[in-house]
Amino acid sequence: MQFGTRLGSAGQDRSTWMAVLFLVVAVLAPTACVFWFMNDAARNQADAARMSLTEAYRGQMRFLRDNLESFWQKRAADLSDSPVDFRKMVMAGLADSVVYVNSDVPPALAADPLSDRADWRSAEALESRNASAAPAAYAAIAKADSDPSVAARAAQAQVRSLLRAGQKADALQAIRENFVTGRAAKGTDLQGRLIAADERMLALQLMNARDRPYTAAVEHLSSLLNDYHAAIPPAQRLFLMGQLRTLAHVDFPTYEAERLRAQFLEVDSAQPGEPGIQASRVPGVWKLTAKTGRVIALYRTETVLASARSFLDRQNSSSVRFAITPPGSAGAGESFSAGPLLPGWQISFSLLDTKAVDDLARQRTVSYFWVGYLVIAAIAVTGLMVGQSFRRQARLAHLKTDLVAAVSHELKTPLASMRVLVDSLLEDAEFNPRKTREYLELIAGENTRLTRLMENFLTFSRIERNRQRFAFAETKPADVVQAAVNAMRDRLQAPDCHLRVDVTPELPVLNADQDALVTVLLNLLDNAFKYTREDKRISIHAYSQDGHVVFAVEDNGIGIPAREHKRIFRRFYQIDRRLTRETGGCGLGLSIVDFIVRAHGSEVRVQSEAGAGSAFQVLLPCAS
Ligand code: ADP
């Protein structure tokens, strides 16, 4: 024998499948879509995070560009027009070199004022004849003339003629007298060169480095060349600086700047250009025209880069590196124009550490997944709710159909047989008391059956409408058994039926609804009667077991196959409809039994096999 308990609702298979189908379509499909979206979104997160980081760094690049622009604007405004500030600007790092728009253009060659002077011509004639009187003739002109340039040229010629005559000491003396403090010290030649500077260089070349005045002479000439108030043209200054560097290893802070200026003037023009850093014709050199348009600052590429780097380095961190690249070279990573003042220059940045990007991506992915899970949960809850209501609706529809079918069928049979019996009695001309009694007993039996049926329908209807109420009270098990047996007595006293009632005396009291328990036993006894053919042996026991009172109804009927043990508790479920058509019943009895027993906090057990009779047991906890 096998045990089985309860139920589900009859005819619910189809609605369950419909609900499952609904869940698949309405819940699983959108859930799968959400998962797909979530996965896709998570995959795109790394790119998106990189992009948003790039966007953030772009903002920083704009900031850098603005800084650079104001830096070069200020630089263009700070450049001094005055050539005397050349050294100051170079030393202050304002420029690698400076070109002055007007003053660095070589002046047109002036007409020689000495060419038609008689004393000058006779001195030249003396010199050309190598006459010893030539130096004196030149010295006289130098002394007498008030014009510093005439005096300087005459003194220069005097030195030259002395040297030709081999009078080196006199030549040095003449240089000292004329070109250190004298009037001629300020004189220039026809090309505008300061004659004193050349002569003092000549003096150094004539001197012996070990001579006592040599060092002083070097210092004097160096400070003259470093003095930008002195009217020395750039080309002469550069030449003399070069000479002095070779001769006496003097280091001039503006020497490289002078070289750059000369280089520039050789290939480019000292004309004001467009605002901003423009390429010059000297490779690797950039020019910046001052706001005034009268001065052009020159910068080597490294200088431009270094000044930009001072800004960029402030923004650099362990995860990002900003860089600036001159026109024509490719920057690494994302690049951005450095602005109109640095045309063609690019600011770029490259990510050194992608951890920040990955972290950002991970954060976003997590938030996406949370949203996804919430959406899925919402879909699932909504789906379940809709599914439930769908199932409820379908079940109700089934119930209605089953109920109508069952009611009409179950009422038809007893009513028909009662009508036949009544008609047959009425047809008799005289009442036969025996026959009348027999027929009335049959009608009473049909009536009882109808009443049971109607009670079951009503109970079922109350259960379905959730209106079934139980009145729990102290209940004696013996009373329950007695009431059930009494109600069934007429049927159970049939000649082929043998009923055994066995109630253990002094059973514990139950906390139960007595009428409901009677309904349980009536249904079980009714089934035992219906599903047992000839020689019915039905027994009802009430005994105590492990703190429970057990009501057991057994029969020697057709039995129930093991696979049906659960199904028989479903509403409207009947194993063999043909059989029940004969016996009566609509498949509600056991579902009502199960409902009542569960409401009492317990369960119904069934032990049965096909053809081997059945035993139903109801276990109820004793009242404490
Ligand atoms: P019904 O009104 O059809 O008896 P029930 O819910 O009481 O409805 O029982 C459901 C089905 O279980 C019955 O149709 C019958 O096939 C089977 N069944 C119930 N009790 C017994 C029993 N004692 N012996 C054999 N079959 C039974």
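**A tour of the ligand site and a small sheet**

Start by selecting isoleucine 575: one of its backbone N or O atoms sits 3.3 Å from an oxygen atom of the ligand. Keep in mind as you look around that this is a predicted model.

Stay with the ligand and add cysteine 586, where a polar backbone atom is 3.0 Å from a ligand oxygen. Then pick leucine 590, which places a backbone N or O atom 2.8 Å from an oxygen atom of the ligand. How much of the ligand does the protein bury? On its own the ligand exposes 530 Å², and 97% of that is buried by the protein.

Next, show the whole shell. There are 20 residues around the ligand, and those that come nearest are Asn527, Tyr531, Asp555, Gln574 and Leu590. Colour the shell by character and you will find 10 nonpolar, eight polar and two charged residues. Now highlight helix H15 (514–530), helix H17 (589–599) and strand E15 (614–621); each of them gives the shell at least two residues.

Time to move to another part of the model. Select strands E6, E8 and E7, which make an open, antiparallel sheet in the order E6-E8-E7. At the edges are E6 (320–325) and E7 (334–337), each paired on one side only. On average, neighbouring strands here are turned by 25° against each other, ignoring direction.

Zoom in on E7 and E8 (residues 346–351), which are joined in the antiparallel sense by four bridges. Here phenylalanine 336 stands opposite isoleucine 347 of E8.

For the last stop, select helix H11 (residues 301–315): this helix lies across E6 and E8 and runs at about 165° to E6.

How values were computed
Residues numbered from 1 in each chain as written. Predicted model: local features only at pLDDT ≥ 70, side-chain atom pairs only at ≥ 80, totals over all residues. Heavy atoms only, no water. Near = heavy atom within 4 Å. Polar contact = N/O pair within 3.5 Å; in protein donor to acceptor, adjacent residues only side chain to side chain. Areas by Shrake-Rupley, 256 points an atom, 1.4 Å probe, with all protein chains shown as cover. Nonpolar A, V, L, I, M, F, W, Y, C, P; charged D, E, K, R; others polar. Pairing = 2+ DSSP bridges. Axes fitted to C-alpha atoms, helices over the stretch in contact; angles between N-to-C directions. Contact = heavy atoms within 4.5 Å.
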